[in-house]
Amino acid sequence: MNGTHLYLLWPLAIVVIMLLVEGLYCIFMTYNLIRLLIGVELLIKAATLMLVTAGYVTGQMALAQALVVTLIVIEVVFIVVATGVVIGFHRHTGSLDVRDTRNLKG
Amino acid sequence: MVSFFILVPFLCVLLLNLPWGNLARRLALWVGLGLTAGQAAVSACALAGWIDLRAIPVSPFFKYDLALDTLSIVLLLCSALVFGVALLLSRPLVSQGEQRFNFVCLLLLMLAGTNAVALVRDVFSLYVFIEAVSIVSFILISFNKDQDAFEGAFKYIVLSSMATVLMVLSISLLVLVAGTTSFDGVRAAVAASRHAGVVLGAIGLFLCGLFIKGGLMPFHGWLPDAYTCALNPVSVCLAGIGTKAVGVYTLIRLAYFVFGIDAAVSQAFLLVGAFSIVAGSLAALNQTDYKRLLAYSSISQVGYIILGLGAGTGLGLAAAAFHFFNHAVFKTLLFVNAGALEQKTGLRDMRKLGGLSARMPLTGFSSLIGALSAAGVPPLSGFWSKLLIIIALIGAGYHGYALVAVLASVLTLAYMLAWQRNIFFGPLAAGLENIEEAGWEISGSALLLAVILIGVGIAFPLYLCKLIW
Amino acid sequence: MQANLVINVIILMALIGAGLWAIMTRSLIRSAIALALTSSVLTMVMFRFNSWLAAVFELSVCAGLISVVFISTISLTEPLSPQEVLKHMRDRLARFAFLPILILVVGFALSLLKVSYNLPLPPAALEQDARNVLWYGRELDLLGQVIILISGVFGVIILFRQMRRRS
């Protein structure tokens with residue numbers, strides 16, 4: 001009864017890893033602060049997918065859904081605060097370039 | 001009753017935000033101070049054994065899945081002390097009115113979050129409250145809205161989000177293995193299949209996430225910028241309890257009580273701890289900005305706590321918890337003095353300061369106590385906790401790491417004395433003739449913390465003698 | 001059975017493709033829209049797993065609210081002048097062209113690994129309704145969510161308020 005969906009675990013884990021690679025690549029290669037936040041969003045989507053997969057495979061779908069709902073609320077507030085910081089930074093320097101955040105050194 | 005630690009600050013924030021008009025604005029600071037003083041008193045009494053918090057009856061409406069043990073009480077005491085000092089500092093350093101009100105509300109929310117981190121018994125709830133403390137930290141770091149503050153906050157945001165993703169991936173693997181996220185369920189499942197790749201992967205991912213949040217090397221990238229550019233009461237909060245509650249306390253809780261210390265986890269702690277101590281001390285020696293020096297010093301001292309955990313024994317745990325308390329007190333003291341210096345002189349470069357102990361005697365004296373405690377000089381409390389960590393390491397057979405800890409103490413003494421000498425001793429530097437002592441809030445809290453350091457330092461061997469005899 | 005498999009494969013490939021489009025596209029607004037598309041495809045994945053509560057949340061909040069936040073941020077920050085845009089475009093392709101190849105290589109390499117999961121699965125949950133688990137079982141998470149939402153409100157007040165005064 002339990003374990004009928006176990007065959008889905010590895011293929012979905014591969015998709016999760018591919019999304020993580022996409023997100024990390026975006027974070028390290030982009031020069032734009034907003035696109036950096038989009039990369040962060042992709043990472044969080046990958047984590048959400050992994051949570052849902054783990055829940056489906058073990059039959060704990062109710063628990064996984066409860067965790068995902070909380071995670072989505074946290075993600076929204078996080079993005080709102082992060083974009084607030086980006087806008088604040090833009091107000092000072094007029095640019096959205098990551099290379100301009102190298103002001104503090106040492 | 002235990003849930004009151006979370007509910008009371010939260011309800012105070014809600015009540016303060018109802019439309020009372022100006023009354024709430026003026027009362028907010030005193031409400032906050034009252035709450036933190038109350039929490040400090042209650043947790044000190046609980047630690048001394050005079051009251052038993054679990055035995056107080058309360059209606060089932062307030063019964064959540066929370067539990068209290070000695071380690072939690074230590075965190076509750078430290079957070080009450082540090083937040084109380086930060087609130088007191090906000091009186092001179094944050095402008096009156098709307099700004100100070102927002103600041104107090106955010107600090108009370110952070111207090112509620114930190115208390116919750118101390119009390120939860122579920123891995124996902126732990127993650128939720130870690131995020132709550134982090135999100136409030138982002139807002140607090142950008143509070144004064146200068147460019148450097150936004151830059152520091154942004155770096156913290158990006159690294160913190162990576163830690164978030166690592167923790168959530170780990171939690172999903174734990175759901176796969178254990179079917180539940182409560183501490184008991186996870187402990188049972190991890191103990192049952194210790195060596196499976198999935199379980200090791202889950203433990204490794206979660207620990208890496210917590211290393212990032214705690215600012216340990218090599219994940220410390222965000223820490224110096226965030227500590228230096230924030231407003232001073234915010235630096236006090238972050239350095240004293242913010243990173244330590246969500247990084248170090250959670251490491252202690254998970255490593256000892258949920259995942260279990262075995263050889264691999266121990267080795268990871270020892271390596272990360274030793275690396276943080278040495279690299280942090282070396283970086284601190286090169287700094288000219290005194291706040292940045294204190295930030296690197298924090299990385300180094302947190303490395304000591306992790307090194308104590310790596311010993312893997314009960315003595316290691318006790319030594320780490322004691323150093324946790326000491327670090328909260330002396331680091332807060334040093335940041336309070338940095339705040340006094342910044343407010344009165346407006347300078348952050350140590351090369352331009354000198355000879356201030358004549359003009360600012362209280363600040364000079366308390367900063368000397370803090371610096372000596374950080375360096376581990378007897379009879380201050382820092383000496384005892386470092387000694388216990390070294391004894392724990394030798395007892396567990398890690399002589400090499402104990403030697404590293406002792407040598408790094410010498411480095412710590414070096415940069416702390418450099419701090420003290422460049423700022424307070426020597427001839428009075430040019431342009432500083434008119435500096436006067438900082439206000440009663442700042443010097444009062446500095447003196448209180450110095451008294452705690454001296455008191456604990458003298459009381460500790462007496463307490464040990466009473467235990468032995 | 002065959003149709004099921006084909007639908008699953010198409011949805012998962014759409015998920016990765018939408019993510020790829022979000023990163024590689026030039027304009028920021030299209031990137032935000034591609035992110036909304038990724039969230040929608042993730043919603044479809046969740047529907048295939050019978051987790052309708054999480055799916056509806058993901059669709060309305062992530063594909064809706066977060067896209068609005070991103071698009072308003074993009075419009076609040078000034079666009080680059082045409083010369084700067086051209087300067088960025090020149091090396092953009094060089095930086096991002098490697099990504100689709102990397103994704104395909106990683107996916108192919110991982111699918112060759114035969115990984116088997118041998119640990120005993122935990123027993124299936126008795127409570128099947130997510131709403132009951134969330135409301136009765138995880139009250140601390142709900143308290144945490146409320147604390148985070150209120151701090152988010154304070155964050156918006158502090159960080160965004162300056163906009164009106166400066167402009």
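**Two interfaces of chain A and a pocket in chain B**

Between chain C and chain A there is one salt bridge, a term used here for a side-chain nitrogen of Lys or Arg within 4 Å of a carboxyl oxygen of Asp or Glu. In this predicted model, local features need pLDDT of at least 70 and side-chain atom pairs count only at pLDDT 80 or more, whereas totals for chains, interfaces and linings use all residues. Residues are numbered from 1 along each chain as its sequence is written, chains are lettered from A in the order in which they are written, and side-chain values use heavy atoms, with hydrogens and water left out.

The salt bridge joins the side chains of Glu58(C) and Lys45(A), at 3.6 Å from N to O. Across this interface, 13 residue pairs, both residues at pLDDT 80 or more, are in polar contact (a pair of N or O atoms within 3.5 Å, where within protein one must be able to donate a hydrogen and the other to accept it, and residues adjacent in sequence count only if both atoms are side-chain atoms). Among the elements that give two or more residues to the side of chain C that touches chain A are α1 (2-24), α2 (28-48) and α7 (139-160) of chain C, while α3(C) gives the most, with 14 residues. That side divides into 49 nonpolar, 17 polar and 11 charged residues. The contact, meaning heavy atoms within 4.5 Å, takes 77 residues from chain C and 64 residues from chain A. About 6500 Å² is buried between the two chains, 77% of it given by carbon and sulfur atoms; buried area is the accessible area (1.4 Å probe) lost on putting two parts together, summed over both.

Chain B also meets chain A, through 38 residues from chain B and 41 residues from chain A. Here the buried area is about 3300 Å², with 80% on carbon and sulfur atoms. The count of salt bridges between chain B and chain A is zero, and one residue pair is found in polar contact, both residues at pLDDT 80 or more. On the side of chain B that touches chain A, α5 (123-141), α6 (147-178), α9 (223-229) and α12 (290-310) of chain B each give two or more residues, the largest share, 20 residues, coming from α6(B).

The largest pocket holds about 1000 Å³ of space. Of the 29 residues that line this pocket, Leu47(B), Val74(B), Phe322(B), Phe460(B) and Tyr463(B) lie nearest its centre. The largest share of the lining, 10 residues, comes from α17(B), and by class the lining has 27 nonpolar, two polar and no charged residues.

How values were computed:
Helices (H or I, at least four residues) and strands (E, at least two) are DSSP runs, numbered from the N terminus. On a 1 Å grid over the protein atoms alone, a cavity is a set of points where a 1.4 Å probe fits but cannot get out, and a pocket is an open set with protein on both sides within 12 Å along at least five of seven lines; lining residues have an atom within 4 Å of a point. Grid points are joined across faces, edges and corners, and a volume is the space filled by probe spheres set on the points. Ala, Val, Leu, Ile, Met, Phe, Trp, Tyr, Cys and Pro count as nonpolar, Asp, Glu, Lys and Arg as charged, and the others, Gly among them, as polar.
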